[in-house]
Amino acid sequence: ARKSGKRDKDLFIIYKLTDGTWSLPIDIGDKINSNSNETSPFVTPDNKYLFFGRKYDFYWVKADFIDQSKLKDYFK
């Protein structure tokens with residue numbers, strides 16, 4: 001489900017919905033995805049931080065944007 005022109009490895013988010021199915025992939029966007037490949041994402045057990053790899057380095061950001069209540073905004 002990749003849009004044409006996207007890089008090989010970008011980060012997307014999906015949510016498990018209340019009926020047990022999964023949402024469509026949502027591109028995390030250019031605030032995290034770059035012209036390089038982003039890989040190996042994981043969220044800390046307390047859901048506060050997202051770690052990911054890019055070009056031989058690891059990065060971390062606050063994970064407060066990963067909020068299922070915001071899901072409705074993507075499917076308007």
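**Aromatic pairs**

I began with the aromatic rings of this predicted model, and my count came to three aromatic pairs. One of them is formed by F42 and F51, whose rings are stacked, with 5.1 Å from centre to centre and 5° between the planes. I noted that a pair of aromatic rings is described by the distance of the centres and the angle of the planes, and the angle is what I needed here, because planes under 30 degrees apart count as stacked. I then looked up how open these two residues are, and found that F42 is partly exposed at a relative accessible area of 43%, while F51 is also partly exposed, at 24%.

Next I turned to Y49 and W60, where the ring centres are 5.0 Å apart and the planes stand at 85°, so I entered this pair as edge-to-face. Y49 belongs to strand β4 (residues 49-54) and W60 to strand β5 (residues 57-62), so the pair ties together parts that are eleven residues apart in sequence. For Y49 I wrote down a relative accessible area of 28%, which makes Y49 partly exposed, whereas W60, with 54%, is exposed.

**A charge over a ring**

I also checked R54, and saw that R54 lies over the face of Y59, at 4.9 Å from the ring centre.

**The sheet**

I then followed the strands, and recorded an open sheet that three strands form in the order β3-β4-β5, with antiparallel pairing. The edge strands are β3 and β5, each of which pairs on one side only. Neighbouring strands of this sheet are turned against each other by 20° on average, with direction ignored. As background I added that strands of a sheet pair through backbone hydrogen bonds, either parallel or antiparallel. Between β3 and β4 I found four bridges, again in the antiparallel sense.

**E38 in strand β3**

Is E38 buried or exposed? I looked up its relative accessible area, which is 2%, and because buried means under 20%, I entered E38 as buried. E38 is placed in strand β3 (residues 38-43), and across from E38, in β4, stands R54. Which side chain joins that of E38 in a polar contact of 2.6 Å? I found that the partner is S34. Leaving aside residues up to four places away in sequence, I listed what E38 touches: K9, D10, L11, I32, N33, F52, G53 and R54. R54 therefore appears twice in my notes on E38, as the residue opposite in β4 and as one of the residues that E38 touches.

Technical notes. Residues numbered from 1 in each chain as written. Predicted model: local features only at pLDDT ≥ 70, side-chain atom pairs only at ≥ 80, totals over all residues. Heavy atoms only, no water. Phe/Tyr/Trp six-rings, centres within 6.5 Å; stacked < 30°, edge-to-face > 60°. Buried < 20%, exposed > 50% of the residue type's maximum accessible area, 1.4 Å probe, protein only. Helix = DSSP H or I, 4+ residues; strand = E, 2+ residues; numbered from the N terminus. Lys NZ or Arg CZ within 6 Å of the ring centre and 35° of its normal. Polar contact = N/O pair within 3.5 Å; in protein donor to acceptor, adjacent residues only side chain to side chain. Contact = heavy atoms within 4.5 Å. Pairing = 2+ DSSP bridges. Axes fitted to C-alpha atoms, helices over the stretch in contact; angles between N-to-C directions.
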